[in-house]
Amino acid sequence: MAIQDNPDLARRTFLAGTGAAALAAPAVHAQTAPIKIGLVAVLTGAGASLGTHLRDGWMLGMRHLDTKIGGRRVETIVIDDELRPDVAVTKVRAAIERDKVDFVVGVVFSNILGAIIRPVTDSGTFLISTNAGPSTLAGRGCSPYFFTTSYNNDQVHSVMGKVAQDSNYRRVFVLTPNYQAGRDAVAGFKSKFQGTIVDEVYVPLTQLDFSAELARIASLRPDAVFTFMPGGLGVNLVKQYRQAGLANIPFLSTFTVDESTLPAQGEAALGFYSAATWAPNMDNPANQAFVRDFEGVFNYVPASYAAHSYDAARLLDSAVRKVGGNLSDKNALRAAIAAADFQSVRGAFRFGINQYPVQDLWQLQVARRPDGRFQTETVRKVLTADIDPWARECRMPVRI
Amino acid sequence: MRWRDAAVPLAIFALLAIAPFIGFGQGYSLTLLARAMIFGIAAISLSLIVGGAGLVSLGHAAMLGIGAYGVVVLDHARITEAWIVIPAAMAAAGAFAAVTGAVAIRTSGVHFIMITLAFGQMAFFATSSLSVYGGDDGYTLYNRTELFGTRALEGRLFFHFACLGLLILSWALVETLLASRFGRVLRAAHQNETRARAVGFEPYRYRLVAYALAGALGGLAGVLLANGAEFVAPAYLSWQRSGDLLFMVILGGVAGPHGALMGALAFILIEEWLAHLTEHWRLIFGPLLILCVYFMRDGMAGVLRRD
Amino acid sequence: MNTTLLLIQVLNGLQFGILLFLIAAGLTLVFGVMDFINLAHGVQYMVGAYLGATLAAWTGSFWLGLLLALPATLLFGLLLEFLVFRHFYDRDHLSQVLATFGVIVFLNQAMKALFGTAPLQMPLPEALNGGIPVMDGLLYPTYRLAILGAGLAVAGLLWFLVERTRAGMLVRAGASNAPMVSALGIDIRRLFMLVFGFGAMLAGFAGVLAAPILSVEPGMGDAPLILAFVVIVIGGIGSIRGAFVAALLVGLVETLGRGMMPDLMRLFLDPSAARQTGAALASMLVYIVMAAILAFRPAGLFPARR
């Protein structure tokens with residue numbers, strides 16, 4: 001590591017690694033050139049606030065690791081996917097072929113992941129998703145090059161189904177946007193809920209005003225409402241739900257009230273329920289350090305997007321350390337990532353056969369902290385060491 | 001004048017043809033160039049109706065999207081032969097254009113802009129609700145379209161030249177159309193509708209044919225876009241994408257397809273370059289757009305002609 | 001669906017329509033008087049919401065926030081007019097569409113750079129924080145009634161200004177024959193500037209009103225902009241009366257369509273397919289209505305007299 005402590009030498013080796021690669025012996029190159037990470041996050045358009053959480057979580061991980069993983073210097077290339085699939089493909093191909101990134105990390109939305117999965121895995125690059133966890137890649141489409149540090153979407157929705165079931169709610173009203181993730185949410189919820197769905201309502205993704213749906217909820221008087229309304233949709237719904245005086249009907253949600261939307265929802269969301277793999281108040285040293293330093297550096301409360309990215313940084317650090325900084329043996333590297341030998345901010349964490357996490361899932365509730373900020377806090381553990389329902393369809397090759 | 005109009009595109013085609021051999025041969029550069037050429041085809045098709053017929057459409061992304069979804073629908077049915085996929089997708093986009101155009105062309109000016117936007121939005125919502133094809137999440141194509149049963153289009157270099165070939169064909173087609181009697185009627189009706197009617201032409205039919213043709217060509221671009229990205233999503237049909245296409249045409253100049261060609265290439269390359277500079281590249285892109293519109297009344301083609 | 005619910009949905013539709021009218025009124029004025037397409041009208045609405053939320057947080061009062069945001073949006077509109085729009089008055093619609101599209105791109109990004117990507121909050125004023133019980137278990141928020149009232153007041157004020165004042169007479173005259181007004185010794189440029197500033201302020205006003213019930217974030221103006229365009233095209237470009245009728249129509253179609261489409265589809269399809277197709281159709285419904293109206297009346301319901 002002495003070389004890297006001398007900035008002049010490090011710079012020269014860096015140049016050798018990029019410009020005149022042919023002159024440097026490959027072995028030397030592999031050990032001294034920085035590890036390049038392509039961090040895919042949406043930073044423009046509707047999902048930008050989620051992408052910002054995701055990026056900042058990774059950046060805090062880098063800060064804690066002194067910008068090194070497994071002892072090797074890291075260069076992070078931030079890629080804004082703009083929530084446009086064809087743009088994402090072009091930029092990710094550029095990262096792989098021009099910048100020669102060693103890992104692709106991040107991705108907020110499933111449709112972007114669906115667009116970039118082939119170019120990344122076809123090139124033999126590992127892709128660590130830190131948010132999107134679609135069923136297609138958990139089941140038949142599973143790939144040895146694909147890991148996720150977040151969850152399979154169905155798991156999170158099924159937590160709320162279980163919560164509704166355990167709370168003896170018999171009549172539940174379901175409200176989601178009319179797109180694939182919305183329909184998946186309903187399926188996930190139903191998988192663990194045996195009561196009656198009094199009505200399922202699908203709204204367009206551009207919905208502004210929920211008064212029609214709120215009137216319908218009031219007229220049906222369900223025991224609880226289950227909803228999945230990400231981003232601005234959730235902000236609109238929560239504000240209007242509270243104003244319509246419906247807050248006495250339990251509000252069960254996924255990705256609707258979290259730290260990315262709470263600054264705008266504020267008091268309107270107090271007491272509303274959510275489901276997740278992680279919450280800022282989780283009581284373990286790794287998490288306390290993460291939340292404290294995240295707020296110190298970025299001055300806002302992190303959401304799960306940030307936590308999962310932070311975990312990905314620690315995961316890669318452990319894996320690269322295990323293989324001694326040598327990334328060329330893909331099988332060894334894959335085994336090292338799969339070992340998941342790091343301290344997750346969630347506590348227990350391991351990978352299943354499909355390289356999706358096997359983990360506990362929690363019911364959360366929105367609370368106000370003593371300092372006046374809002375965050376989600378754990379209510380109870382609903383599922384323990386849960387394996388997603390698609391894992392059994394995955395035929396994962398043993399060797400790459 | 002006509003000769004100079006052709007000189008620029010010919011130079012561009014020549015450059016694109018040798019690009020892979022003068023330092024743009026990596027897979028990534030080829031992907032970028034293919035994307036630029038695909039949007040070139042789309043912009044050329046749009047220029048037929050914007051420049052030729054004076055119909056400003058803010059729904060042209062729907063044509064691309066329908067072409068791309070044509071590939072998806074056939075792929076789902078395990079039909080991947082280019083000689084079936086391309087005509088079918090083009091026919092679908094052309095038919096959509098013909099049906100919506102039949103209504104839209106009855107209006108003019110701002111109303112036309114808005115009604116095409118409305119049809120574009122309808123197509124957008126329709127594709128979003130196709131859960132068989134992944135709905136909003138989109139559809140990953142595991143194989144590109146086949147050519148005579150071969151996987152030739154999988155090769156980046158082959159795909160590059162396929163796009164280039166189709167780009168040249170599209171340009172030549174639109175150029176020829178506009179220079180023909182058909183094109184002269186279109187332009188005459190655009191400049192003075194009353195006079196065109198007085199000499200016995202019914203502009204409606206000419207416009208409708210132009211609109212349907214532009215739709216079919218847009219569908220072709222959609223087929224290529226789907227193959228280039230190996231992925232199709234409703235985002236291809238968003239109205240912002242229609243705005244981008246319109247801007248490409250204006251940036252290059254509405255005088256003919258060569259303007260649209262230049263505009264599309266410049267747009268994609270500028271976007272790529274700016275995005276590399278800073279995260280807030282749109283802070284530069286927005287004003288740049290305004291300045292372009294302000295200073296280049298006739299687009300890039302106009303600037304070239306001035307000297 | 002019972003009668004009470006239907007009545008509530010109608011009220012909801014009207015209230016949403018009024019909000020749309022506030023946005024569309026400025027748009028149609030600018031369009032009608034100056035023959036200028038301003039796609040940036042949506043971002044002016046966004047800027048209004050941002051200014052309102054920031055000023056309200058700064059002063060600690062919704063009312064002060066609203067009061068200060070109005071002149072601020074007026075000034076902002078005049079600034080945009082001075083910097084960008086006036087240079088495009090004599091250009092064709094296409095150039096105007098693109099130049100104002102550039103303004104959208106810039107301002108959406110600028111809001112992101114200035115305020116971050118997370119949505120802002122604007123609390124409701126104490127006095128309007130309650131609700132009126134309209135149905136067992138459902139409150140009709142007082143604030144929504146206030147929006148309804150404010151919208152009707154603005155509509156009345158606009159009618160008065162346009163039909164009964166000298167400035168309004170000039171605006172009407174300018175709309176039908178600008179060169180003639182100019183020849184009569186009226187400074188048409190100044191008139192345009194005033195109309196433009198007023199339109200921007202209306203959009204800003206709508207933004208501030210919407211801030212407590214909608215998410216204040218970059219890009220929040222895009223969806224209302226499209227709907228506002230639908231409104232003015234259906235209503236007939238340049239016609240305040242048309243914008244009013246069309247805004248209510250669009251509000252009702254949106255709201256009632258979403259409420260009833262799935263039920264209607266259930267007559268033909270099985271329940272789960274009906275819900276999804278119904279929802280998809282409901283989101284297209286406004287555009288279908290617009291296409292149908294334009295197919296029969298290409299210039300809209302109340303074409304401005306020219």
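**Helix H15, domains and chain contacts in a predicted model**

In this predicted model, the buried residues of H15 of chain A are covered by elements that include strand S5 (126-129), S6 and H14 of chain A. Helix H15 of chain A spans residues 330-339, and its buried residues are Leu333(A), Ala336(A) and Ile337(A). These residues lie on the same side of H15(A), because the arc they cover around the axis is only 100°. An α-helix has 3.6 residues a turn, so residues three or four places apart point the same way. After H15(A) comes Ala340(A), which has a positive phi, near 50°.

Two of the elements that cover H15(A), S5 and S6, also belong to a sheet of chain A. This sheet is open and has 6 strands with mixed pairing, in the order S2-S3-S1-S4-S5-S6. Its edge strands are strand S2 (68-69) and strand S6 (146-148) of chain A, each of which pairs on one side only. Within the sheet, strand S1 (residues 35-41) and strand S4 (residues 103-106) of chain A are paired in the parallel sense, over 4 bridges. Ile37(A) has Phe103(A) as its bridge partner in S4(A).

Chain A is divided into two parts: domain 1 comprises 34-151 + 282-355, and domain 2 comprises 154-276 + 363-386. Taken over C-alpha atoms, the centres of domain 1 and domain 2 of chain A are separated by 27 Å. In the contact between them, 14 residues come from domain 1 of chain A and 14 residues from domain 2 of chain A. On the side of domain 1 of chain A that touches domain 2 of chain A, helix H4 (48-64) and helix H14 (304-322) of chain A each supply at least two residues. H4(A) gives the largest share of this side, 3 residues. By class, the side of domain 1 of chain A that touches domain 2 of chain A has 8 nonpolar and 6 polar residues, and no charged residues. H14 of chain A thus appears both in this contact and among the elements that cover the buried residues of H15(A).

Chain A also touches chain B, with 25 residues of chain A in contact with 25 residues of chain B. Helix H5 (85-97), helix H6 (110-122) and helix H9 (180-190) of chain A each supply at least two residues of the side of chain A that touches chain B. The largest share of this side, 7 residues, is from H5(A). By class, the side of chain A that touches chain B consists of 10 nonpolar, 7 polar and 8 charged residues.

How values were computed: Residues are numbered from 1 along each chain as its sequence is written. Chains are lettered from A and ligands numbered from 1 in the order in which they are written. This is a predicted model: local features need pLDDT of at least 70, side-chain atom pairs count only at pLDDT 80 or more; totals for chains, interfaces and linings use all residues. Domain bounds come from an automatic or database domain assignment. Two residues are in contact if their C-beta atoms, placed from the backbone, lie within 7 Å. Ala, Val, Leu, Ile, Met, Phe, Trp, Tyr, Cys and Pro count as nonpolar, Asp, Glu, Lys and Arg as charged, and the others, Gly among them, as polar. Two strands pair if DSSP finds at least two bridges between them. A residue is buried if 20 or more other C-beta atoms lie within 10 Å of its own, exposed if 12 or fewer, and partly exposed in between; C-beta atoms are placed from the backbone. The arc is that of the directions from the helix axis to the C-beta atoms.
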